[in-house]
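Work through the exercises below with the sequence and the model open. Each task is followed by a solution in steps.

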Amino acid sequence: YHVDYQIGESGFKIDLGIKKNPEDSIYLCGIECDGRQYHSSWNARLNDIWRQGILEKNGWSIIRIWSNDCLDNREESEIMLLNQLNKLIVTEI
């Protein structure tokens with residue numbers, strides 16, 4: 001996979017944009033990497049739901065990754081991410 005950082009869409013920045021190949025013009029998905037401390041407030045969660053809805057209406061598939069999960073269970077997090085990416089490729093065909 002090819003990864004681009006801080007991809008802009010509708011006034012937002014997506015943490016990671018994932019393409020199957022570097023030369024592809026369309027992203028498979030966007031990955032949002034957030035920590036639990038940031039999302040501990042109700043307002044932050046509502047803002048994320050609103051923001052993700054806008055991105056999805058613009059054609060993005062969003063995968064959310066929690067930094068604590070990556071740090072505590074890196075292998076499991078990597079497997080989950082690869083499974084989700086593979087599902088997106090299958091549905092793209």
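**Exercise 1. State how far apart Glu-78 and Arg-74 are in helix α3, and describe their salt bridge.**

Step 1. Glu-78 and Arg-74 are four residues apart in helix α3, so about one helical turn separates them. Helices here are DSSP runs of H or I with at least four residues, strands are runs of E with at least two, and both are numbered from the N terminus.

Step 2. The closest N and O atoms of the two residues are 2.8 Å apart, and the pair forms a salt bridge (a side-chain nitrogen of Lys or Arg within 4 Å of a carboxyl oxygen of Asp or Glu).

Step 3. Arg-74 is exposed because its relative accessible area is 60%, while Glu-78 counts as partly exposed at 39%. Buried means under 20% relative accessible area, exposed means over 50%, and partly exposed lies in between (1.4 Å probe, protein chains only).

The model is predicted: local features need pLDDT of at least 70, side-chain atom pairs count only at pLDDT 80 or more, and totals for chains, interfaces and linings use all residues. Residues are numbered from 1 along each chain as its sequence is written, and side-chain values use heavy atoms, with hydrogens and water left out.

**Exercise 2. How many salt bridges does the structure hold? Describe the bridges of Lys-19 and Arg-64.**

Step 1. The structure holds four salt bridges.

Step 2. One of them joins Lys-19 to Asp-4, with 3.8 Å between the closest N and O atoms. Lys-19 is in strand β2 and Asp-4 in strand β1 (residues 2-9), so this pair ties together parts that are 15 residues apart in sequence. Lys-19 is buried, at 10% relative accessibility.

Step 3. Arg-64 and Asp-48 meet through their side chains in a salt bridge of 3.3 Å, N to O. Arg-64 belongs to strand β4 and Asp-48 to helix α1, and the pair links parts of the chain 16 residues apart. Asp-48 is buried at 10%, whereas Arg-64 is partly exposed at 22%.

**Exercise 3. Is Arg-51 buried or exposed, and which residues does it contact?**

Step 1. Locate Arg-51 in helix α1 (residues 42-57).

Step 2. Its relative accessibility is 11%, so Arg-51 counts as buried.

Step 3. Contact means heavy atoms within 4.5 Å. With neighbours within four places in sequence left aside, Arg-51 is in contact with Phe-12, Lys-13, Ile-14 and Glu-32.

**Exercise 4. Which residues make up the largest nonpolar core, and where does Cys-29 lie?**

Step 1. The largest nonpolar core has nine residues: Leu-16, Ile-18, Cys-29, Ile-31, Ile-63, Ile-65, Leu-81, Leu-85 and Leu-88. Such a core is a set of buried Ala, Val, Leu, Ile, Met, Phe, Trp, Tyr and Cys residues joined through side-chain atoms within 4.5 Å.

Step 2. Two or more residues each come from β2 (12-19), β3 (29-34), β4 (62-66) and α3 (74-92). The largest share, three residues, is from α3.

Step 3. Cys-29 lies in strand β3 and is buried, with a relative accessible area of 0%. Beyond four places in sequence, its contacts include Leu-16, Ile-18, Ile-63, Leu-85 and Leu-88.

Step 4. Leu-85 in turn touches Tyr-1, Ile-18, Cys-29 and Ile-63, not counting residues up to four places away. A second, separate core of six residues includes Ile-7, Phe-12, Ile-14 and Trp-60.
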